[in-house]
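Colleague: Could you walk me through this model at the bench level? I'd like to hear about holes, helices and odd backbone spots.

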Amino acid sequence: MAKISPTPDIWDIEVDVAIVGGGACGLIAGLRAAEAGADVLVLERDATSSGSTALSSGFIPAAGTKYQREIGVHDTPDLLARDIQGKAKGDAHPGITRTVSSAIGPAVEWLSDTHGLEWIVLDDFLYPGHSVHRMHAVPERTGAALVARLLSAVEGAGVTVANQAHATALHLHDGRIAGVTIMRPDGQTESIGCRALILSCNGYGGNPDLVARHIPEIAGAPYFGHTGNTGEAVLWGEALGAQIQHLSGYQGHGSLADPHGILITWALNMEGGIQVNTEGRRFSNEHEGYSEQAVKVLAQPGGVAWNIYDRRLHELGLGFPDYRSAVENGAIHHGDVNALAARTGISEEALSETLTQTRACANGAQDPFGRDFAKAPALGDDLYAVRVTGALFHTQGGLVVDENAQVLNADGGVIPGLFAGGGAACGVSGPRVEGYLSGNGLLTAVALGFLAGASAARLAKTRRV
């Protein structure tokens with residue numbers, strides 16, 4: 001369905017800026033372009049905007065914001081960039097890393113100052129790879145609530161969002177992007193001319209063929225992303241001769257409740273919890289990151305593991321809506337070692353031995369997997385468990401963009417009229433699953449949407465007749 005076609009003789013609609021995809025990136029790009037005076041149309045394939053953003057936790061890593069300063073956190077874009085590269089072992093795209101690290105703080109503050117979004121900084125724990133508290137979230141702490149607040153802002157700003165509008169073709173005129181064709185659910189098509197086009201339609205996690213081609217290690221895993229992420233941006237980019245990098249990079253997650261399909265916050269493991277396989281044995285350092293843990297969990301017997309934690313951490317989990325949902329749906333088991341062993345089928349002897357070892361590590365013994373247990377209290381006897389599996393959340397490779405979020409061609413020049421952000425653009429996780437730093441997905445969605453909207457509006461003004 002992702003085609004490149006000549007321009008039609010007559011457009012059904014003409015706008016300054018067309019945006020393909022109505023998640024966080026597309027909605028923010030629309031707000032930004034409208035603020036700059038552009039006539040904007042956001043094209044969303046679903047009946048309402050949601051995308052990967054609504055499925056996420058909604059946490060945005062931003063550096064140097066006034067919200068951090070209010071709680072005494074000192075952070076800078078340079079420190080964020082160092083953390084990104086540290087997690088990616090230096091393989092994150094350097095230009096995009098600098099760009100989004102610098103833009104994300106101003107973007108978050110602009111969303112508050114101009115459009116009334118409220119932010120809190122999560123300061124009860126650090127996610128893997130982050131050196132300071134910088135996760136910003138709306139008060140509800142969910143991606144769905146973030147989308148709802150953005151939709152309210154879009155409505156207030158008068159930005160038009162066309163739902164059930166599936167982009168199927170891009171149009172070229174004299175070597176530049178000139179428009180897009182959409183298909184409605186009944187098969188009817190409409191052609192939309194534009195002076196600038198922003199691709200914010202995420203990655204290719206919902207395209208099994210592309211997943212098998214680029215990331216075969218996770219091809220058989222559950223997919224917890226949006227089914228509409230079928231890779232049109234990558235396919236269009238290939239056809240246009242765009243630079244495309246790191247298609248083997250992705251975000252996995254090693255803590256998806258099985259079979260409930262509910263995300264279990266990784267805070268439980270960062271603050272003292274452990275993962276064991278069905279034999280009752282730990283198999284990794286849980287602090288290395290939840291993304292790479294997906295592959296490690298899937299490698300265990302049956303492709304599953306158990307999160308084991310205590311009442312203190314259960315109460316921490318209750319602060320997260322997804323965890324409360326897991327409790328309500330019966331995914332969480334509670335009891336002492338004997339009771340958990342009976343309810344989960346884990347060997348009581350092996351689980352007891354594992355808990356004894358981790359408690360010794362909390363008191364100074366060396367962990368064979370290299371984890372530092374001394375930073376959190378040892379697990380108590382009042383225990384909880386949840387069965388989890390590994391999953392693919394979203395891909396991280398895509399179109400390479402410059403500091404204005406304009407898509408680059410193979411020679412390093414720009415593709416005239418084409419911008420990209422979010423999962424459509426190359427992310428900052430490098431080419432491997434372990435390169436994903438918590439929040440990288442929304443980092444590029446928000447920062448590149450912020451930049452793309454302003455840049456596309458500037459370009460559109462120069463093309464007005």
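What follows is a short run of questions and answers on the model.

Modeller: Before we start, this is a predicted model, so local features need pLDDT of at least 70 and side-chain atom pairs count only at pLDDT 80 or more, while totals for chains, interfaces and linings use all residues. Residues are numbered from 1 along each chain as its sequence is written, and side-chain values use heavy atoms, with hydrogens and water left out.

Colleague: How many cavities of 30 Å³ or more turn up in the whole structure?

Modeller: A cavity here is a set of points, on a 1 Å grid over the protein atoms alone, where a 1.4 Å probe fits but cannot get out. Points are joined across faces, edges and corners, and a volume is the space filled by probe spheres set on them. Searching the whole structure at 30 Å³ or more gives 2 cavities.

Colleague: Which residues lie nearest the centre of the largest cavity?

Modeller: That cavity holds about 90 Å³ of space. Its lining, meaning residues with an atom within 4 Å of a point, has 7 nonpolar, 3 polar and 3 charged residues. For the classes, Ala, Val, Leu, Ile, Met, Phe, Trp, Tyr, Cys and Pro are nonpolar, Asp, Glu, Lys and Arg are charged, and the others, Gly among them, are polar. Nearest the centre are Gly 272, Arg 371, Phe 373, Ala 376 and Pro 377.

Colleague: And how is the lining of the second largest cavity divided by class?

Modeller: This one has about 40 Å³ of space. Its lining includes Leu 122, Phe 125, Tyr 127, His 130 and Arg 134. The split is 6 nonpolar, 2 polar and 1 charged.

Colleague: Over what arc do the buried residues of α14 spread?

Modeller: Helices are DSSP runs (H or I, at least four residues), strands are E runs of at least two, and both are numbered from the N terminus. In α14, the buried residues (under 20% relative accessible area, 1.4 Å probe, protein chains only) are Ala 350, Leu 351, Thr 354, Leu 355, Thr 358, Cys 361 and Ala 362. They sit on the same side of α14 because the arc, taken from the directions from the helix axis to the C-beta atoms, is only 135°.

Colleague: Which exposed residues are on the face turned away from that buried side of α14?

Modeller: The buried residues pack against β13, β14, α13 and β16. Exposed means over 50% relative accessible area, with partly exposed in between that and buried. On the face turned away are Glu 349 and Thr 356.

Colleague: Is Gln 406 buried or exposed?

Modeller: Gln 406 is in strand β18. Leaving aside neighbours within four places in sequence, its contacts (heavy atoms within 4.5 Å) include Val 400, Ile 415, Phe 419 and Leu 459. With a relative accessible area of 13%, Gln 406 is buried.

Colleague: What is the relative accessibility of Arg 141?

Modeller: Arg 141 is in the loop between β6 and α6. Its phi is positive, about 60°, although it is not a glycine. Arg 141 counts as partly exposed, at 21%.

Colleague: Where is omega of the cis peptide bond from Asp 258 to Pro 259?

Modeller: Pro 259 lies in the loop between β12 and α9. The bond from Asp 258 is cis, with omega near 10°.

Technical notes
1 Å grid on protein atoms, 1.4 Å probe; cavity = no way out; pocket = protein on both sides within 12 Å on 5 of 7 lines; lining within 4 Å.
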